[in-house]
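Colleague: I am new to reading structures, and I would like to look at this one with you. Could we go through it step by step?

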Amino acid sequence: MDQIVSLCRRRGFVFPSSEIYGGLGSTYDYGHYGVLLKNNIKARWFEAMILERDDIVALDSAVILHPRVWEASGHVEGFTDPLVDCRTCKLRFRADKLEDSQCGRKPSKHPGGTPECDLTEPRQFNLMFETTVGPVKEAGAKAYLRPETAQGIFINFKNVSQLARRRPPFGIAQIGKSFRNEITPGNFLFRVREFEQMEMEFFVPPADAERWYRYWIDERLGWYLRYGLRRSRLRVREHGPEERSHYSQGTSDIEYLYPIGWSELEGVANRGDFDLTRHSEFSTTKLEYVGPDGERYVPYVIEPAVSLERIIVALLVDAYDEEVVGERERTVLRFHPQVAPVTAAILPLIAKDDSMVAKARSLHEELRRRQSVEYDDNGAIGRRYRRQDEIGTPWAFTIDEQTLADDTVTVRDRDSLAQERLPIGGVRAWLDDALEREWRTPKGD
Ligand code: GAP
């Protein structure tokens, strides 16, 4: 994890937030390549969940919702973690995760594991961030920053099913920020207080819920494999009844083997009719499906839910590689070409050669309208290749002496390091084709 954090910082993917003020624990800002990576992951998710299907529509609901939403959802009452304070070291821990925490004075021990530890009784701590709506900080104006995007979808069930003329099975998907005042955030982006969720609520006839639950576990697992995560690093773990959330009739985690061990990447839950029933009660608006011949029922909901942050960490861990090529070490991010922040680099071999620069610039202009491409003429060619390897650019096109003679360029493959020559006029089509090819990580399964 340390190597990945350091690479992310060095290459401008992710920075600690508010750094010039000393940082604010577990919040991060994304730099240029981090933003490009995030945009690609969102685009791939949006394609798989919406553009490639006929049964899911998009939504972008507000971050601050009516406070009754969170009463109905059970978050005001139950979205809590038990915490204990240590009166000696003044640190705060999750009472149910003491075995995973370190004592503030003796990190080799768990909290409570030394005679000096003086832990309080556990108390429930609500993870929602509170805010006040309007200029006066009065009781009636209390609101929350959403801790999940899902509730914005449930409260729009009626709008979408009527206006978009949808009948179960159909889904509503959204991507957006969520906020949780985690007691023990950490492990880089894995557990943060502000994160971007990608959630989809799939409304189905109750009798079909189990089938769709299994379907969505398979679909989501397939999505990770499609974008290059190694099969041996992924597994599905079904929750036992005691582990499930209050709303769940069945939950499975798609887990990834992070450096901290097997941990939840994405959750897939069968939420039953809990959410629509509760919002019907609390809002007095009926949220149900009424068929053309009068048949009516409250649909069950199957929900795949993940954060970009957990995907980013998994992709980085899976893609990170170090190897010796010739006599030189290189660090390389072996991203799937469709998620890599930069698809191709355009490199004039000699930066001072006006003819090479002109050809390289013109190729860059042609490609940039369609792909994320980067022009780089800074430094020796070997250094430029290594820079592109570190940000995970799958292909580099080099314009050299021969280009001036016969209008061909070399393309270098990030993973195999193979080089081939092709006409400069064919680069655009070559790149479109290469992006469509099936890609497997050279790191194996
Ligand atoms: N709507 C259901 C829901 O929010 P969850 O298991 O609490 O369920 C869903 O969260 C996903 O959101 C998780 O699988 C994980 O990918 C991500 N997630 C949750 N808390 C997170 C945090 N503090 N930091 C980063 N990602 C988080």
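Here is a short conversation about the largest pocket and the ligand.

Modeller: Happy to help! Please keep in mind that this is a predicted model.

Colleague: Which space does the ligand take?

Modeller: Let's start with the space itself: the largest pocket holds about 1,700 Å³. Of the 48 residues lining this pocket, the closest to its centre include Arg94 and Glu264. The space taken by the ligand is the largest pocket.

Colleague: Which element gives the most to the lining of the largest pocket?

Modeller: Several elements give two or more residues to that lining, among them helix H4 (75-78), strand E10 (194-204) and strand E13 (261-272). The one that gives the most, with eight residues, is E13.

Colleague: And which element has the largest share of the shell around the ligand?

Modeller: The shell has 21 residues, and Glu148, Glu182 and Val192 are among the closest. E10, E13 and E16 each give two or more residues to the shell. The largest share, five residues, comes from E13.

Colleague: How many residues of the shell around the ligand are charged?

Modeller: Sorting the shell by class, we find eight nonpolar and three polar residues. The charged residues number 10.

Colleague: What percentage of the ligand's exposed area does the protein bury?

Modeller: Look at some polar contacts before the area. The side chain of Glu182 has an N or O atom 2.8 Å from a ligand nitrogen, and a polar backbone atom of Leu265 is 2.8 Å from a ligand oxygen. Taken alone, the ligand exposes 550 Å², and the part of this that the protein buries is 91%.

Key: Residues are numbered from 1 along each chain as its sequence is written. This is a predicted model: local features need pLDDT of at least 70, side-chain atom pairs count only at pLDDT 80 or more; totals for chains, interfaces and linings use all residues. Side-chain values use heavy atoms; hydrogens and water are left out. On a 1 Å grid over the protein atoms alone, a cavity is a set of points where a 1.4 Å probe fits but cannot get out, and a pocket is an open set with protein on both sides within 12 Å along at least five of seven lines; lining residues have an atom within 4 Å of a point. Grid points are joined across faces, edges and corners, and a volume is the space filled by probe spheres set on the points. Helices (H or I, at least four residues) and strands (E, at least two) are DSSP runs, numbered from the N terminus. A residue is near a molecule or strand if one of its heavy atoms lies within 4 Å of it. A polar contact is a pair of N or O atoms within 3.5 Å; within protein, one must be able to donate a hydrogen and the other to accept it, and residues adjacent in sequence count only if both atoms are side-chain atoms. Accessible areas come from the Shrake-Rupley method with a 1.4 Å probe; for residues, only the protein chains shown count as cover. A molecule sits in a cavity or pocket if more than half of its atoms lie within 2 Å of its grid points. Ala, Val, Leu, Ile, Met, Phe, Trp, Tyr, Cys and Pro count as nonpolar, Asp, Glu, Lys and Arg as charged, and the others, Gly among them, as polar.
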